[in-house]
Amino acid sequence: MEKFFKLKENGTTVRTEVLAGLTTFMTMAYIIALNPNLLTNFDVGSALWNGVFLATCIASAVAMFCMAFLANKPFALAPGMGLNSFFAVVVANIAGLTGMTYVASFQAALIIILIEGVVFIVLSILNIREKIVDAIPLGVRLGIAPAIGIMLMNIGLGSNAGVYSENGGPFYVMRDFFGALTANVAKTTMGSGYGTMVLQVITMFVGLFVIVILAKKGIKAAVLLGMLVASVVYWIGSALFLGANPFASLSSASFVPPFADMASTTLFKFNFQGFMDIGWFTVITLIITFCMIDMFDTIGTLVGTASRAGMVDKDGNMPNMKEALLSDAVGTIAGACMGTSTVTTFVESASGVEAGGRTGLTALTTGVLFLACIFIAPVAAIIPAAATSSALIYVGVLMLMGLKNVNFDDMDQMVPVALMLVGMPISGSIGHAIGLGLISYTVIKVFSGKAKDVSVLTYVISVLFLVKFFLVV
């Protein structure tokens, strides 16, 4: 273990890495159920849902094993949020355009993901993706980690614990609880869901402050312990004040993996005839769009999280970047073959890094847990979203520390960073925010007479993002 992962060289231990992997898993386990929900329009229990569920677990594990053994980095991968929603919209549009069933359209769209993965394999082997990372200007690079921090806080406080009631939903903490003028307005808006919302807010902040206090005392497992305390608070509150059994789902849960459903719906089920019916222009446009979003989401997560963890050299470059990007590409191909949308590096990896994860053993641990969820998904499902919010908010706050490196007296740095800080949580896309930062940097340099300071690759990427934003529909 020591020889392979170089634990001492990276200042860590097996215990720390395993705890970090468990922490990362707990903050991103939601994707195991949410991804099939989004990709099948919440058709829970259907053969397609079961197939996507297994594909999510297996493809994520494959990608994380690659990250562990090829790159020796603590980053976790899974079907990316935003990308999966876009994929679902694409599938629905294909069905409407061609008249195919949703399943047949899904199988045709998987070919787009497969091509994307192959493109990324080639770009990674040729070091082109690594050159793109190197082409990101200093100002934009400095802003990535803080912007991710605000996005994590936005996920934790804003959209990670939605509540439903007879009045509809989802209702969210920042918008409907803290955003309400008075408690009475919140009660009226949420109806019977108000009690659940109060419990989630209490759970979230109890977990957050437990993490902060333990971290100040130097306890490395602070994030994981805080999440566990928050979970216990939620379980007790749910039983005592809401009259609910937080473990009720376990009594009727099935622990038998639905491999037959996967084999009949998603496993290597590429619909080439349906793919041909989409149209070449649409296909090429979709492939480029998926590639750009995935590429800059992954680059942003790797650069931002590695910077926060001190895993970069004096020039801000991360060792083994090529292998990390290659792991992402392999995961995407595995996802297409298994039956899910683009696999990408998860921003929640920051929680494991903050818990002390520094090597591939963290990623390996998370990958094993994802694979185990084929059998124990119901157990993972009882961890409340409010508990994971505690970790996301804490890590988000810490990542804001990167702002101290930004020269706010330099407009070349300040403007791209400011746009990214706002753009990332609003758009929900790391890639789109980086695009805004690159465009603004390029424009400022060109019109201030410093066009030569901008690299050719930065010009190319900026133009591609302009095309993506204004011409690709």
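**Entry 1. Asn127 and Asn320**

I looked up Asn127 and found it in the loop between α6 (102–125) and α7 (128–135). The model is a predicted one, and I read every entry below with that in mind. Asn127 is not a glycine, yet its phi is positive, about 65°. I noted this since most residues other than glycine have a negative phi. Is Asn127 buried or exposed? With a relative accessible area of 29%, Asn127 is partly exposed, because the partly exposed class runs from 20% to 50%.

I then turned to Asn320, which also has a positive phi of about 65° without being a glycine. Asn320 sits in the loop between α16 (280–309) and α17 (321–338). Its relative accessibility is 35%, so I logged Asn320 as partly exposed.

**Entry 2. Met311 and Ser307**

I stayed in the loop between α16 and α17, where Met311 is also placed. Met311 has a relative accessible area of 11% and is therefore buried; the cut-off for buried is under 20%.

Which residues does Met311 touch, not counting those up to four places away in sequence? I listed Pro74, Phe75, Ala306, Asn317, Met318, Pro319 and Arg358. I also checked Met311 against Lys73: they are 238 residues apart in sequence, and their C-alpha atoms are 9.3 Å apart in space.

Ser307 I found in helix α16. Its relative accessible area is 33%, so Ser307 is partly exposed. From the C-alpha atom of Ser307 to that of Gly356 I have 14 Å, with the two positions 49 residues apart along the chain.

**Entry 3. The bond before Pro170**

I looked up the peptide bond from Gly169 to Pro170 and recorded it as cis, with omega near 5°. Most peptide bonds are trans. Pro170 belongs to strand β3 (residues 168–171).

**Entry 4. α3 against α4**

Next I took up helix packing. Two packed helices are described by the angle between their axes and the distance between the axes. For helix α3 (residues 31–39) on helix α4 (residues 47–71), I have an angle of about 135° and axes 9 Å apart. That angle makes α3 oblique to α4. The crossing of α3 past α4 is right-handed.

Which residues in α3 and α4 meet? From α3 I noted Ile31, Ile32, Ala33, Asn35, Pro36, Asn37 and Leu39; from α4, Trp49, Val52, Phe53, Thr56 and Cys57. Sorted by type, the residues of this contact are nine nonpolar, three polar and no charged.

**Entry 5. α11 against α20**

I repeated the lookup for helix α11 (residues 194–216) and helix α20 (residues 385–399), which pack at about 45° with their axes 8 Å apart. The two helices α11 and α20 are therefore oblique to each other. Their crossing is right-handed.

On the α11 side, the residues that meet α20 are Gln200, Thr203, Met204, Gly207, Leu208, Ile211, Val212 and Ala215. On the α20 side they are Ala386, Ala387, Ser389, Ser390, Ala391, Ile393 and Tyr394. I sorted these contact residues into ten nonpolar, five polar and no charged.

**Entry 6. Aromatic rings**

How many aromatic pairs does a search of the whole structure find? The search gives 16. I looked at one of them, Trp235 with Phe247: the centres are 5.2 Å apart, the planes are at 55°, and the pair is tilted. Trp235 is in helix α12 (residues 222–241) and Phe247 in the loop between α12 and α13 (248–251), so the pair ties together parts twelve residues apart in sequence.

The two partners fall into separate accessibility classes: Trp235 is buried at 18% relative accessible area, while Phe247 is partly exposed at 35%.

I also recorded one aromatic cluster, formed by Phe177, Phe178, Tyr194, Phe205 and Phe209.

**Entry 7. Leu419**

Last, I looked up Leu419 and found it in helix α21 (residues 411–427). At 39% relative accessibility, Leu419 is partly exposed. What is Leu419 in contact with, leaving aside its neighbours within four places in sequence? I have Leu436 and Ser440. The C-alpha atoms of Leu419 and Lys269 are separated by 42 Å, and the two residues are 150 apart along the chain.

Terms used
Residues numbered from 1 in each chain as written. Predicted model: local features only at pLDDT ≥ 70, side-chain atom pairs only at ≥ 80, totals over all residues. Heavy atoms only, no water. Axes fitted to C-alpha atoms, helices over the stretch in contact; angles between N-to-C directions. Helix = DSSP H or I, 4+ residues; strand = E, 2+ residues; numbered from the N terminus. Parallel < 35°, antiparallel > 145°, perpendicular 65-115°, else oblique. Left-handed = near helix turned anticlockwise from the far one by under 90°. Contact = heavy atoms within 4.5 Å. Nonpolar A, V, L, I, M, F, W, Y, C, P; charged D, E, K, R; others polar. Phe/Tyr/Trp six-rings, centres within 6.5 Å; stacked < 30°, edge-to-face > 60°. Buried < 20%, exposed > 50% of the residue type's maximum accessible area, 1.4 Å probe, protein only.
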